[in-house]
Amino acid sequence: ALAGIFEIQSKITKDEKGKAYVAGDCGFDPLGLFPEDKEGQMAMQLKEIKHGRIAMMAIMGYCVQEVLYRTPVTEQTPLFFKIGGGLF
């Protein structure tokens, strides 16, 4: 349902901006971090794509680790996934 809300908002933004619309622009920037100039916008979008790719590689690393050791990553590294780091 949440994805549907974002799709509706994206469609509204696309209709409002017309040819100035950029894919993925939902008009959501409450902290005002997105630059106003075109060069800054392109740099910010490139950074977002690169960070997304790194995140996907990290998830793939979790998957590979679980396949190789046949144990959930959450059990292999409780320090990151359990309250108190699995120390208590």
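1. Leu46 first. Leu46 is partly exposed at 47% relative accessible area, where buried stands for under 20%, exposed for over 50% and partly exposed for anything in between, with a 1.4 Å probe and protein chains only. Leu46 belongs to helix α2; helices here are DSSP runs of H or I with at least four residues, strands are E runs of at least two, and numbering starts at the N terminus. From Leu46 to Thr71 there are 25 residues along the chain, and their C-alpha atoms are separated by 35 Å.

2. A word on what you're looking at. This is a predicted model, so to speak of local features takes a pLDDT of at least 70 and side-chain atom pairs count only at pLDDT 80 or more, while totals for chains, interfaces and linings use all residues. Residues are numbered from 1 along each chain as its sequence is written, and side-chain values use heavy atoms, with hydrogens and water left out.

3. Now the overall layout. The protein has four helices and zero strands, in the order α-α-α-α along the sequence. Its radius of gyration is 19 Å, well over the 12 Å that the globule rule gives for 88 residues, so the protein is more spread out than a compact globule. That radius is taken over C-alpha atoms, and the rule is 2.2 Å times the number of residues to the power 0.38. Along the principal axes, the C-alpha atoms fill a box of roughly 55 × 30 × 25 Å.

4. How much of the chain is tucked away? Of the 88 residues, 9% count as buried. Contacts, meaning heavy atoms within 4.5 Å, tell us about reach along the sequence: taking those with a separation of 6 or more, 0% come from residues 24 or more positions apart. The protein exposes about 7900 Å², and carbon and sulfur atoms supply 66% of that. These areas come from the Shrake-Rupley method with a 1.4 Å probe, and for residues only the protein chains shown count as cover.

5. Thr13 is worth a click. Thr13 sits in helix α1 and counts as buried, at 4% relative accessibility. What does Thr13 touch, not counting residues up to four places away in sequence? The partners are Tyr21, Asp25, Cys26 and Gly27.

6. Take Cys26 from the other side. Cys26 is in the loop between α1 and α2 and is partly exposed, with a relative accessible area of 23%. Leaving out residues up to four places away in sequence, Cys26 touches Phe6, Gln9, Ser10 and Thr13. Cys26 and Ile12 are 14 residues apart in sequence, and 8.5 Å apart in space, C-alpha to C-alpha.

7. Phe28 is in the loop between α1 and α2. Is Phe28 buried or exposed? Phe28 is exposed, at 68% relative accessible area. The C-alpha atoms of Phe28 and Gly18 are separated by 17 Å, with the two positions 10 residues apart along the chain counted as their spacing.

8. On to charges. Side chains of opposite charge can pair when their charged atoms come close. The count here comes to one salt bridge, defined as a side-chain nitrogen of Lys or Arg within 4 Å of a carboxyl oxygen of Asp or Glu. The pair is Lys11 and Asp15, at 3.2 Å from N to O. Both lie in helix α1 (residues 2-17), four residues apart, about one turn of the helix. Asp15 is exposed, with a relative accessible area of 53%.

9. For the whole protein, the mean positions of the 10 positive and 11 negative charges are 6 Å apart. Lys and Arg count as positive and Asp and Glu as negative, with His and the chain ends not counted. Each charge is placed at NZ of Lys, CZ of Arg, CG of Asp or CD of Glu.

10. One backbone flag: Arg70 has a positive phi of about 55 degrees although it is not a glycine. Arg70 is placed in the loop between α2 (38-69) and α3 (73-76). With a relative accessible area of 74%, Arg70 is exposed.

11. Last, Ile5. Ile5 lies in helix α1 and is exposed, with a relative accessible area of 52%. How far apart are the C-alpha atoms of Ile5 and Tyr62? They are separated by 30 Å, and the two residues are 57 apart along the chain.
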